[in-house]
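Colleague: Please take one part of this model and go through it closely, then place it in the rest of the chain. I would like one connected account rather than a list.

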Amino acid sequence: MIFLKTEEEIEKIRLASDLVSRTLGEVARWVAPGVTTRRLDDVAREFILDNGGKPACLGYHGFPGTLCIEVNETVVHGFPSSYELREGDIIGTDCVVELNGYNGDSCFTFAVGEIDPKVRRLLEVTRHSLTVGVEAARAGKRVGDISNAVQTYCEKAGYNVVREMCGHGIGRSMHEDPEVPNYGRRGMGPILKPGMAICIEPMVNMGSRNIVIERDGWQCRTKDRKPSAHFEHTLVIREEGPEVLTTFRYIDEALEAASRSGLTIENPDKE
């Protein structure tokens with residue numbers, strides 16, 4: 001069942017979306033070679049709790065982290081661990097925050113230091129495909145119009161979208177109807193109506209679209225072990241067009257500040 005949100009509910013989703021956006025902005029300050037993914041998870045959890053929120057992923061059906069950690073070929077649902085980030089890695093950080101009973105969801109894939117130009121292009125295309133998907137999220141259109149826009153853009157750029165994982169509705173629960181795939185046909189699927197709150201999240205592979213689920217039942221990686229990128233926004237459908245509730249502004253500001261200052265982060269996990 002698809003729940004259309006009232007203005008009061010949309011405001012609560014907006015506040016949760018701002019907190020998840022600020023959380024990832026804080027995480028951005030720590031992404032550097034030598035930092036463990038567990039440290040990033042700790043930073044996110046502490047920031048959420050300090051700001052009155054709840055890390056919605058932590059404990060969800062037994063999930064062990066605040067962040068879904070996605071290093072290199074990991075597509076989604078990776079666990080925080082003692083893995084130390086290396087120069088040239090990419091890392092997706094997917095985060096859901098619950099605040100006052102409502103959820104906000106966002107994901108950003110970071111470059112760790114200098115990365116291969118081919119991988120840099122994967123990140124750029126995937127991030128822009130999110131913009132393409134958002135622009136297709138118009139009242140009166142259908143979910144398939146979003147799906148097709150993302151798929152067409154990514155495939156024309158030479159990449160493949162993951163088909164088993166998809167975006168979703170959001171509100172009181174982190175996952176609500178409708179599902180929002182990253183592939184499909186225009187004019188198909190549920191009609192987009194004002195008041196629908198959804199998450200669009202392209203997951204785009206450099207190689208084959210095929211994935212493997214690890215034995216833990218959570219961690220998902222590309223079958224050919226080539227890199228995968230993932231970006232996500234929470235938005236609401238309006239009569240006049242989509243309103244994006246999450247933002248990458250805090251992340252971009254943190255990355256720009258680090259770049260200007262030549263900041264390097266001392267790894268607190270080292271003795």
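Modeller: Val180 is buried, at 1% relative accessibility. The cut-off for that class is under 20% relative accessible area. The model is a predicted one, and every value here is computed from it. Val180 belongs to strand β8, the strand that covers residues 176-180. Leaving aside residues up to four places away in sequence, Val180 is in contact with Val143, Ile146, Cys166, Gly167, His168, Ile198, Cys199 and Ile200. Contact here requires heavy atoms within 4.5 Å. For one of these partners, Cys166, there is also a backbone distance: its C-alpha atom lies 5.6 Å from that of Val180, although the two residues are 14 apart along the chain.

Strand β8 also holds Pro178. The peptide bond between Asp177 and Pro178 is cis, with omega at about 5°.

After β8 comes the loop that leads to β9 (197-200), and Gly187 is found in that loop. Is Gly187 buried or exposed? Neither class applies: with a relative accessibility of 41%, Gly187 counts as partly exposed, the class between the 20% and 50% limits. Outside the four places on either side of it in sequence, Gly187 touches Arg142 and Asp145. A distance to the start of the chain can be given as well: the C-alpha atoms of Gly187 and Lys5 are 23 Å apart, with their positions 182 residues apart in sequence.

Two other loops have a backbone feature to note. His61, in the loop between β1 (54-55) and β2 (67-71), has phi near 50°, which is positive in a residue other than glycine. His61 is exposed, at 66% relative accessibility. Asn72 is not a glycine either, and its phi is also positive, about 55°. Asn72 sits in the loop between β2 and β3 (74-76).

Now to the charged side chains. The structure has 13 salt bridges. One of them pairs Arg238 with Glu7, at 2.5 Å from N to O. Arg238 is in the loop between β14 (233-236) and β15 (243-244), while Glu7 is in helix α1 (residues 7-28), so this salt bridge ties together parts that are 231 residues apart in sequence. The two ends differ in class: Arg238 is buried, with a relative accessible area of 15%, whereas Glu7 is exposed at 52%.

Another salt bridge joins Glu243 and Arg14, with 2.6 Å from N to O. Since Glu243 lies in strand β15 and Arg14 in helix α1, this pair ties together parts that are 229 residues apart in sequence. Here both ends fall in the middle class: Glu243 is partly exposed at 23% relative accessibility, and Arg14 is partly exposed with a relative accessible area of 26%. Glu243 also forms a salt bridge with Arg238, and the closest N and O atoms of that pair are 2.9 Å apart. Through shared partners, salt bridges connect Glu7, Glu11, Arg14, Arg238 and Glu243 into one network.

What remains is the chain as a whole. The protein chain has five helices and 15 strands. Its radius of gyration is 17 Å, close to the 18 Å that the globule rule gives for 271 residues, so the chain is as compact as a globular protein of that length. The C-alpha trace spans about 55 × 40 × 40 Å along its principal axes. Val180 is among the buried residues, and of the 271 residues of the chain 52% count as buried. Of the contacts between residues at least 6 apart in sequence, 70% join residues at least 24 apart.

The accessible surface of the protein chain comes to about 12,300 Å², and carbon and sulfur atoms account for 47% of that area. The chain carries 33 positive and 42 negative side chains, with the centres of the two sets 6 Å apart.

Notes
Residues are numbered from 1 along each chain as its sequence is written. This is a predicted model: local features need pLDDT of at least 70, side-chain atom pairs count only at pLDDT 80 or more; totals for chains, interfaces and linings use all residues. Side-chain values use heavy atoms; hydrogens and water are left out. Helices (H or I, at least four residues) and strands (E, at least two) are DSSP runs, numbered from the N terminus. The radius of gyration is taken over C-alpha atoms; the globule rule is 2.2 Å times the number of residues to the power 0.38. Buried means under 20% relative accessible area, exposed over 50%, partly exposed in between (1.4 Å probe, protein chains only). Accessible areas come from the Shrake-Rupley method with a 1.4 Å probe; for residues, only the protein chains shown count as cover. Lys and Arg count as positive and Asp and Glu as negative; His and the chain ends are not counted. The place of a charge is taken as NZ of Lys, CZ of Arg, CG of Asp or CD of Glu. A salt bridge is a side-chain nitrogen of Lys or Arg within 4 Å of a carboxyl oxygen of Asp or Glu.
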